[in-house]
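Dear colleague,

I am passing on the structure we spoke of, together with notes on what came out of going through it. Please read the notes with the model open beside you.

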Amino acid sequence: MKPIISPSILSADFGYLADDIEMLNRSEADWVHIDIMDGVFVPNISFGFPVLKYVAKLARKPLDVHLMIVQPEKFIPEVKALGAHVMNVHYEACPHLHRVVQQIREAGMQPAVTINPATPVCMLKDIINDVYMVLLMSVNPGFGGQKFIEHTVDKVRELRELITLSGSDALIEVDGGVNLETGARLVAAGADVLVAGSAVFAAPDQEEAIRSLKRL
């Protein structure tokens, strides 16, 4: 199985955002990854919903929406209105995670849960059969272009084992410092979905960068 490639528009050129989204539409990218940050859960602010409505209007690939915010359940209607395929919330931001996952599914989206680098995989044991996907952060969330945390490869293997033992069919997504070298190791360890930002948008040939990741 080829990995699902979900380029993160956090690394796009905001001055030419329409051009970058059109490039993704032409490319072999599978999804469009959208990071929403609130300046509270993470030390940065990214997109508001007026901008995201514009993105959703232009994008012809499924939207992979990652909320790095407190109380993400408050924005389920807004994310649904974008036509999102996946709504991804942080384990660390949801004290009532099962309820949030259920609300996302009831809204007609695929529920996913993210864990930060310092959160152990074992914390997912009681939710793994309820989610469509788990996102492992391979950098501390909040900023693009960070260095890949090497321990993530071991976490992918551990998560793959948990999924197998529990009988879950959850996908494994990884976000942060993903390039051809780290991506190859992540796919070998069991990752299904690669989020790539700088590796795509800083490349001389962006479509070729996506094509190369797709071949891993």
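**Notes on the model**

Gly 108 counts as exposed, because its relative accessibility is 56%, and exposed here requires a value over 50%. This glycine sits in the loop that leads from helix 4 (97-106) to strand 5, and its C-alpha lies 8.5 Å from the C-alpha of His 85, although 23 residues separate the two in sequence. Please bear in mind throughout that the model is predicted.

A second glycine offers a contrast. Gly 176 belongs to the loop between strand 7 (171-175) and helix 6 (180-189), and with a relative accessibility of 8% it counts as buried, since buried means under 20%. Once the neighbours within four places in sequence are set aside, Gly 176 is in contact with Ser 138, Val 139, Phe 148 and Val 195. The C-alpha atoms of Gly 176 and Leu 136 are 8.8 Å apart in space, with these positions 40 residues apart in sequence.

Turning to the sheet, I find eight strands arranged as an open sheet in the order 1-8-7-6-5-4-3-2, with parallel pairing. Strand 1 and strand 2 form its edges, each of them pairing on one side only, and neighbouring strands of this sheet are turned against each other by 25 degrees on average, with direction ignored.

At one edge, strand 1 (residues 4-7) directs Ile 4 and Ser 6 one way and Ile 5 and Pro 7 the other way, and all of these residues are buried. Strand 1 runs parallel to strand 8 (residues 193-196), to which it is joined by four bridges, and within that pairing Ile 5 has Leu 194 as its bridge partner. Elsewhere in the sheet, strand 4 (residues 86-90) pairs with strand 5 (residues 110-115) in the parallel sense over five bridges, and here Met 87 stands opposite Pro 111.

Which residues make the contact between helix 1 and helix 2? The two helices, helix 1 (17-26) and helix 2 (residues 49-58), pack at an angle of about 35 degrees with their axes 10 Å apart, and the crossing is right-handed. On the side of helix 1 the contact is made by Leu 17, Ala 18, Ile 21 and Asn 25, and on the side of helix 2 by Val 51, Tyr 54, Val 55 and Leu 58. Of the residues in this contact, seven are nonpolar, one is polar and none is charged.

Ser 27 is found in the loop between helix 1 and strand 2 (32-37). This serine is buried, because its relative accessible area is 9%, and buried is the term for values under 20%. A polar atom of the Ser 27 side chain lies 2.9 Å from the backbone oxygen of Leu 24, and, leaving aside neighbours within four places in sequence, Ser 27 is in contact with Lys 61, Glu 207 and Ile 210.

One backbone detail remains. Most residues other than glycine have a negative phi, whereas Gln 71, which is not a glycine, has a positive phi of about 50 degrees. Gln 71 is placed in the loop between strand 3 (63-68) and helix 3 (76-81), and it is partly exposed, with a relative accessible area of 42%.

With best regards

Technical notes:
Residues are numbered from 1 along each chain as its sequence is written. This is a predicted model: local features need pLDDT of at least 70, side-chain atom pairs count only at pLDDT 80 or more; totals for chains, interfaces and linings use all residues. Side-chain values use heavy atoms; hydrogens and water are left out. Buried means under 20% relative accessible area, exposed over 50%, partly exposed in between (1.4 Å probe, protein chains only). A polar contact is a pair of N or O atoms within 3.5 Å; within protein, one must be able to donate a hydrogen and the other to accept it, and residues adjacent in sequence count only if both atoms are side-chain atoms. Contact means heavy atoms within 4.5 Å. Two strands pair if DSSP finds at least two bridges between them. Axes are lines fitted to C-alpha atoms, for helices over the stretch in contact, and angles run from 0 to 180 degrees between N-to-C directions. A crossing is left-handed if the near helix is turned anticlockwise from the far one by less than a right angle, and right-handed if clockwise. Ala, Val, Leu, Ile, Met, Phe, Trp, Tyr, Cys and Pro count as nonpolar, Asp, Glu, Lys and Arg as charged, and the others, Gly among them, as polar.
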